[in-house]
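Biologist: Before I go back to the bench, could you take me through this model and tell me what each statement rests on?

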Amino acid sequence: MNANILLITGLVIFLGTHSVRIVADEYRTALIARMGLLGWKGLIAVLSLLGFVLLVYGYGAARAEPVMLWSPPPWTKHLTALLTLPAFILFVAAYVPGNKFKSAIGHPLIAGTKVWALGHLLANGTLANLLLFGSFLVWAAFQFSISRRRDRAEGRSYPAGPASRTAITIVVGIVAWGLFAKFLHFPLIGVQPY
């Protein structure tokens, strides 16, 4: 099967499973009532894993025979490394309760995904990169907008706790960013970030 078709199929399954609440909330609610919350989460986990495996395999195969769409300037590689720093901090903010990022943004994991995808899209000019990072960027922008709108409609807020929680978020985000860039990005992705 064509590598880009595998990548697209994986993206549709992976991002689709993460969009059910947005596009079919009533259907989701009915399935949860029928299957139970644990059954629903199990189904979503299996489908997400399948989608992830397909997109990783498809992306890897597509990178082996790249279709160049544009040639990014060399400085965009450094911009990507810089943009992934706040992305990592936002990723961590999703899991540290009471930090100011979550209080201000509401959905830092999705916001971090937007920043991560944009940074990688700027520095990579192949069709596979456009499909992967462009899809994640569009999905995250749409998901963020809908999630914020739903929070406003439901009157949901995310109160900030002590400043120490924000400090922990920043420190852990910076450390995770540095460790991933230094030790994991090249072995896992095959590209040295800087």
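The exchange below goes from the overall fold to the packing inside it and then to some residue positions.

Modeller: This is a predicted model, in which local features need pLDDT of at least 70 and side-chain atom pairs count only at pLDDT 80 or more, while totals for chains, interfaces and linings use all residues. Residues are numbered from 1 along each chain as its sequence is written, and side-chain values use heavy atoms, with hydrogens and water left out.

Biologist: How many helices and how many strands does the secondary structure of the protein chain come to?

Modeller: Both kinds of element are DSSP runs numbered from the N terminus, helices being H or I over at least four residues and strands being E over at least two. Along the sequence the pattern reads α-α-α-α-α-α-α-α-α. The count for the protein chain is therefore 9 helices and 0 strands.

Biologist: What is the radius of gyration of the protein chain, and how does that compare with the globule rule?

Modeller: The C-alpha trace spans about 45 × 40 × 25 Å along its principal axes. The radius of gyration is taken over C-alpha atoms, and the globule rule is 2.2 Å times the number of residues to the power 0.38. For 194 residues that rule gives 16 Å, and the chain is close to this value, so it is as compact as a globular protein of that length, with a radius of gyration of 18 Å.

Biologist: Among contacts between residues at least 6 apart in sequence, what percentage join residues at least 24 apart?

Modeller: Contact here means heavy atoms within 4.5 Å. Among the contacts in the protein chain between residues at least 6 apart, the share that joins residues at least 24 apart is 75%.

Biologist: Which element gives the largest share of the largest nonpolar core?

Modeller: A nonpolar core is a set of buried Ala, Val, Leu, Ile, Met, Phe, Trp, Tyr and Cys residues joined through side-chain atoms within 4.5 Å, where buried means under 20% relative accessible area, exposed over 50% and partly exposed in between (1.4 Å probe, protein chains only). The largest core has 21 residues, and L7, L11, L15, L55, Y59, L132 and F136 touch the most other members. Two or more residues each come from helix 1 (3-17), helix 4, helix 7 (108-123) and helix 8. The largest share, 8 residues, comes from helix 8.

Biologist: Which residues does F136 touch, leaving aside those up to four places away in sequence?

Modeller: F136 is one of the residues that touch the most other members of the largest core, and ring pairs also link F136 with F14, F52, Y59, W116 and F133 into a cluster. Not counting residues up to four places away in sequence, F136 touches L11, F14, L15, T113, W116 and A117.

Biologist: How many aromatic pairs does the whole structure have, and what is the geometry of the one between Y59 and F133?

Modeller: Rings of Phe, Tyr and Trp (its six-membered ring) pair if their centres lie within 6.5 Å, and planes under 30 degrees apart count as stacked, over 60 as edge-to-face and the rest as tilted. A search of the whole structure finds 7 aromatic pairs. In the pair of Y59 and F133 the centres are 6.2 Å apart with 80° between the planes, which makes the pair edge-to-face.

Biologist: Why does the pair of Y59 and F133 tie together parts of the chain that are apart in sequence?

Modeller: Y59 is buried, with a relative accessible area of 13%, and F133 is buried too, at 5%. Because Y59 lies in helix 4 (residues 37-64) and F133 in helix 8 (residues 127-154), the pair ties together parts whose separation in sequence is 74 residues.

Biologist: At what angle do the axes of helix 3 and helix 4 cross?

Modeller: Axes are lines fitted to C-alpha atoms, for helices over the stretch in contact, and angles run from 0 to 180 degrees between N-to-C directions. R28, L31, I32 and M35 of helix 3 meet L37, G39, W40 and L43 of helix 4. The axes of helix 3 (residues 25-35) and helix 4 come within 6 Å and cross at roughly 120°.

Biologist: How far apart in space are A64 and R150?

Modeller: A64 is found in helix 4 and is exposed, with a relative accessible area of 63%. A64 and R150 are 86 residues apart in sequence, and their C-alpha to C-alpha distance in space is 41 Å.
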